[in-house]
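Visitor: I would like to learn how to read a structure like this one, feature by feature. Could you walk me through it?

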Amino acid sequence: MSNAETFPEIREAVRRLCAGFPGEYWREKDRERAYPGEFVRALTESGFLSVLIPEVYGGSGLGLGAAIAVLEEVHRSGCNGGASHAQMYTMGTLLKHGSEAQKQAYLPKIASGELRLQAFGVTEPGAGTDTTRITTFARRDGDHYVVRGQKIWISRAEHSDLMVLLCRTTTREEAARPSDGMSVLLVDMREAVGNGLTIRPIRTMLNHATTELFFDDLRVPVENLIGTEGQGFRYILDGMNAERILIAAECIGDARFFIDRASAYAREREVFGRPIGQNQGVQFPIARAHIQTSAADLMVRHAADLFDEGQPCGTEANMAKMLASEASWFAADTCVQVHGGFGFAEEYDIERKFRETRLYQVAPISTNLILSHVGNHVLGLPKSF
Ligand SMILES: Cc1cc2nc3c(=O)[nH]c(=O)nc-3n(C[C@H](O)[C@H](O)[C@H](O)COP(=O)(O)OP(=O)(O)OC[C@H]3O[C@@H](n4cnc5c(N)ncnc54)[C@H](O)[C@@H]3O)c2cc1C
């Protein structure tokens, strides 16, 4: 089955919505490094960001198959889901590990868009990918936790009402295992900012609203603990599979955007008295990009199917993310080359998408760490760290 056949009504509706947010809209936001609030609002109001929330909590409960259709079309249309995609999956930690009272309190409002749960705070400057080295600490004080520490690269923190925060409640040294002693807190950003939480934006090569967070004795009610104290690392790992599959779908969308644009230009642009696409040196890389994207797409949908069936999918989610991010990067590079000088002109949107799609070989997990996972966990090779 070709991907175009999955959820055709959703895809068509997303394409219609995206048509209202053309290249000029994204170029202006990119220039100003401004948050695309209008686009996020439109996606929210259309219900596209609540497809993973079960119907009983006000979502459409369609699963990851529908979510990847949404994000792929957003990206294929030249738009970018980076400002909004976390509203889809960050709630997964709450849905899977939160108490019924927490789910009742938050999920319906997240589904309606009344509450924005867009921020996910894991990465720290001193820990990098080695999450067990995080040191942001939540100390218990009566019916509150008191949080001290620092996070980096926390995206959308300024545009979110809630944040899922991973912190230590037992130091690494005192925990039975390095991955024990971490807990997940739901932080209400509306109360936290200015009361122990400071947000500092980081300007990056793409428009991603990412930030650095400083916690200086931020008080978080104990009732905002998700699941059991000390088990947070497992909860976060769980949620990361959905994130990787969805990001992979964005890469597939990006790749198709580049392939569409490159093919159209190669058919039209004439040099030496013939369309440049008639030259195999121009045609073959575009064909190769299509082949790589089609293969990656199969892996993305396979991972999504496993996730929706409730089966283990960590390896497949990682493999999908790696293949898709490499396919989109190759397609991006090809698209620039096919456009010659115009590949560098802002008004073609190719250089912007080129910068945007580069991120996904580093975040949310870098290629080397995926290779290391497969080498160690799938192939039984010795662990390198
Ligand atoms: C724009 C942006 C948005 C982000 N948004 C969020 C967010 O919302 N929330 C959040 O928590 N984080 C976020 N991140 C962080 C992101 O997940 C990390 O940047 C990413 O996981 C890589 O971690 P690092 O930057 O600490 O790299 P490091 O861990 O310092 O690694 C640097 C390089 O070394 C390689 N490396 C490290 N160790 C090994 C090894 N043992 N073997 C081989 N290679 C190795 C890595 O592959 C990488 O290429 C974001 C990052 C960016 C840039």
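Guide: Gladly. Let us start with burial: a residue is called buried if 20 or more other C-beta atoms lie within 10 Å of its own, and exposed if 12 or fewer do. Please keep in mind that this is a predicted model. By that rule, buried residues make up 47% of the 385 residues in the chain.

Visitor: What does the radius of gyration say about the chain as a whole?

Guide: The idea is to compare the value with what a compact globule of 385 residues would have, which is near 21 Å. The chain has 21 Å, so the two agree. Along its principal axes, the C-alpha trace spans about 80 × 50 × 35 Å. As for its make-up, the chain contains 13 helices and 10 strands. Contacts add to the picture: taking those between residues at least 6 apart in sequence, 72% join residues at least 24 apart.

Visitor: Into which domains is the chain divided?

Guide: There are domain 1 (3-112), domain 2 (117-230) and domain 3 (239-378). The C-alpha centres of domain 1 and domain 2 are 24 Å apart. Their contact takes 16 residues from domain 1 and 15 residues from domain 2. On the domain 1 side, α2 (23-32), α5 (86-89), α6 (91-97) and α7 (100-112) each supply at least two residues. Of these, α6 gives the most, with 4 residues. By class, that side of domain 1 has 6 nonpolar, 7 polar and 3 charged residues.

Visitor: Now a single residue. Is F39 buried or exposed?

Guide: Counting neighbours settles it. F39 has 22 C-beta neighbours inside 10 Å, so it counts as buried. This residue is part of helix α3 (residues 37-45). Leaving aside residues up to four places away in sequence, F39 touches F21, C79 and A83. You can also compare chain separation with distance: F39 and Y25 are 14 residues apart along the chain, and their C-alpha atoms are separated by 9.4 Å.

Visitor: How many C-beta neighbours does H290 have inside 10 Å?

Guide: H290 has 18, and therefore counts as partly exposed. You will find H290 in helix α10 (residues 280-308). From H290 to E12 the C-alpha distance is 21 Å, with their positions 278 residues apart in sequence.

Visitor: How should I read a strand?

Guide: Begin with the side chains. In a regular strand they alternate between the two faces of the sheet. Now look at strand β4 (residues 162-168): L162, V164, L166 and R168 are on one side, M163, L165 and C167 are on the other, and all are buried. With 7 of its 7 residues buried, β4 is largely enclosed by the rest of the structure, which is why both of its faces are worth inspecting.

Visitor: Which strands pair with β4, and in what sense?

Guide: β1 pairs with β4 in the parallel sense over 4 bridges, and G121 stands opposite L165 in β4. Strand β5 (residues 182-188) runs antiparallel to β4, joined by 7 bridges. There, M163 has V187 in β5 as its bridge partner.

Visitor: And what pairs with β7?

Guide: β3 and β7 (residues 210-221) are antiparallel, with 11 bridges between them. Strand β6 (residues 197-201) also runs antiparallel to β7, over 5 bridges. F215 in β7 links the two pairings: F215 is the bridge partner of G149, and L197 stands opposite F215 as well.

Visitor: Can a helix be read in a similar way?

Guide: It can, with another repeat. An α-helix has 3.6 residues a turn, so residues three or four places apart point the same way. In helix α12 (residues 350-358), the buried residues are I350, R352, K353, F354, E356 and T357. What covers them includes α2, α9 (232-268) and α11 (314-338).

Visitor: Last, the ligand. Which residues come nearest?

Guide: Of the 23 residues around the ligand, V122, G128, T129, S366 and N368 come nearest. β1 (117-121), β3 (144-155) and α13 (367-378) each supply at least two residues of this shell. Domain 2 and domain 3 each contribute at least three residues. By class, the shell has 11 nonpolar, 12 polar and no charged residues.

Conventions:
Residues numbered from 1 in each chain as written. Predicted model: local features only at pLDDT ≥ 70, side-chain atom pairs only at ≥ 80, totals over all residues. Contact = placed C-beta atoms within 7 Å. Near = placed C-beta within 6 Å. Nonpolar A, V, L, I, M, F, W, Y, C, P; charged D, E, K, R; others polar. Domains from an automatic or database assignment. Pairing = 2+ DSSP bridges. Rg over C-alpha atoms; globule rule 2.2 N^0.38 Å.
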